[in-house]
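Please look over the sequence and the model below before reading on. The paragraphs that follow go from the whole chain to one strand, and then to the aromatic rings.

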Amino acid sequence: MRWDDHRVVITAAGRDFGRTLAIRLADLGAEVFLSARELAAAQRVRDEIRNRGHQRVHAFACDLTDPSSIRDFASSVAEHTDRVDVLINNGSRYLAGPDLLSATDADVVDTIASGATGTVLTTKSFLPLLRNSEIPDVVTMVSACGTPGHHRSDAHDAFYAAKSAQAGFAEILSKRLRPQGVRVISLYPPDFDNADPLSEEWETTPRAAKDALTAHSLVECILFAVAQPRDCFIKAFHFEQV
């Protein structure tokens, strides 16, 4: 599937899986609007993509813990386009440490705000542009940590809380936005291998049954879900953990 007619917003695209998504979707022809907490990080990825010959890419600063920054991001995107076809809520701070007392109060607030509040407010801010699309999808990178009963991660309790909030938000949003034709798709991956999409490892990282999940496979899940006919609402992807 080519994405030439798709206009895609990706949060936290300055590194890691957000960068991977931005590069891969731009390679497929999408016009990409990417954000990072620091503008310079978003600009670096924008320049990487433009150096590959894709000029329809735009970089913005967006702090997912700051409501005004989220609103400014959406307003800036609206100056470039009258619609958004896919919003990918990729941004969420990771916080390690299975001991509740190991994190500062500021770390807890930042983690929950970026993952929970940030996802809600980003979706809210971009919903008018999504409604202008004939093929609107909201994709949220949750985590296995957002699955009830999951306990196999060393992530901090605050990260679990943020991911559980994302999961609950996506669940109700899917039901409430369906009458408007907006699909809500969530991914719940465990820890996964994120090879650099511009390296040889992208194609050579093992993907057998005994291997850990890869970013390559996660991208393909998103491509598959978005490519389905509009009567097909794939709510969630859950993955077996090795």
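Helices here are DSSP runs of H or I with at least four residues, strands are runs of E with at least two, and both are numbered from the N terminus. Counted in this way, the secondary structure of the protein, which is a predicted model, comes to seven helices and seven strands. Along the sequence these elements follow the pattern β-α-β-α-β-α-β-α-β-α-β-α-α-β. The radius of gyration is 17 Å, close to the 18 Å that the globule rule gives for 242 residues, so the protein is as compact as a globular protein of that length. Taken along the principal axes, the box filled by the C-alpha atoms is roughly 45 × 40 × 40 Å. Of the 242 residues, 52% count as buried, and among the contacts between residues at least 6 apart in sequence, 72% join residues at least 24 apart.

A useful place to enter the fold is strand β5, which spans residues 137-141. Is this strand enclosed by the rest of the structure or open, and how many of its residues are buried? A residue counts as buried when its relative accessible area is under 20%. Five of the five residues of β5 are buried, and the strand is therefore largely enclosed by the rest of the structure. In a regular strand the side chains alternate between the two faces of the sheet. In β5 both faces are covered, since D137, V139 and M141 on one side are buried, as are V138 and T140 on the other.

The pairing of β5 with its neighbours can be followed through V138. Strand β4, residues 86-89, runs parallel to β5 and is joined to it by four bridges, with L87 standing opposite V138. Strand β6, residues 183-188, also pairs with β5 in the parallel sense, over five bridges, and here V138 stands opposite V184. The chain passes from β5 to β6 through helix α5, residues 157-177, in a β-α-β crossover that is right-handed. On the other connection, β4, helix α4 (residues 105-131) and β5 likewise make a right-handed β-α-β unit.

The aromatic side chains give another view of how the chain is held together. A pair of aromatic rings is described by the distance of the centres and the angle of the planes. The structure holds five aromatic pairs. One of them is formed by F33 and F60, which are stacked at 6.5 Å centre to centre with 25° between the planes. Because F33 lies in strand β2 (residues 31-36) and F60 in strand β3 (residues 57-61), this pair ties together parts that are 27 residues apart in sequence. F33, at 0% relative accessibility, counts as buried, and so does F60, at 10%.

Another pair, F73 and F126, is edge-to-face, with 5.1 Å centre to centre and 75° between the planes. This pair links distant parts of the chain, as F73 belongs to helix α3 (residues 67-78) and F126 to helix α4, 53 residues apart. Both F73 and F126 are buried. Helix α4, which contributes F126, is also the helix of the unit formed with β4 and β5. Ring pairs link F33, F60, F73 and F126 into a cluster.

A ring can also meet a charge, and F233 provides a case: the charged end of R178 sits over the ring of F233, 4.1 Å from its centre.

Key. Residues numbered from 1 in each chain as written. Predicted model: local features only at pLDDT ≥ 70, side-chain atom pairs only at ≥ 80, totals over all residues. Heavy atoms only, no water. Buried < 20%, exposed > 50% of the residue type's maximum accessible area, 1.4 Å probe, protein only. Pairing = 2+ DSSP bridges. Right-handed = clockwise from strand over helix to strand, strands pointing away. Phe/Tyr/Trp six-rings, centres within 6.5 Å; stacked < 30°, edge-to-face > 60°. Lys NZ or Arg CZ within 6 Å of the ring centre and 35° of its normal. Rg over C-alpha atoms; globule rule 2.2 N^0.38 Å. Contact = heavy atoms within 4.5 Å.
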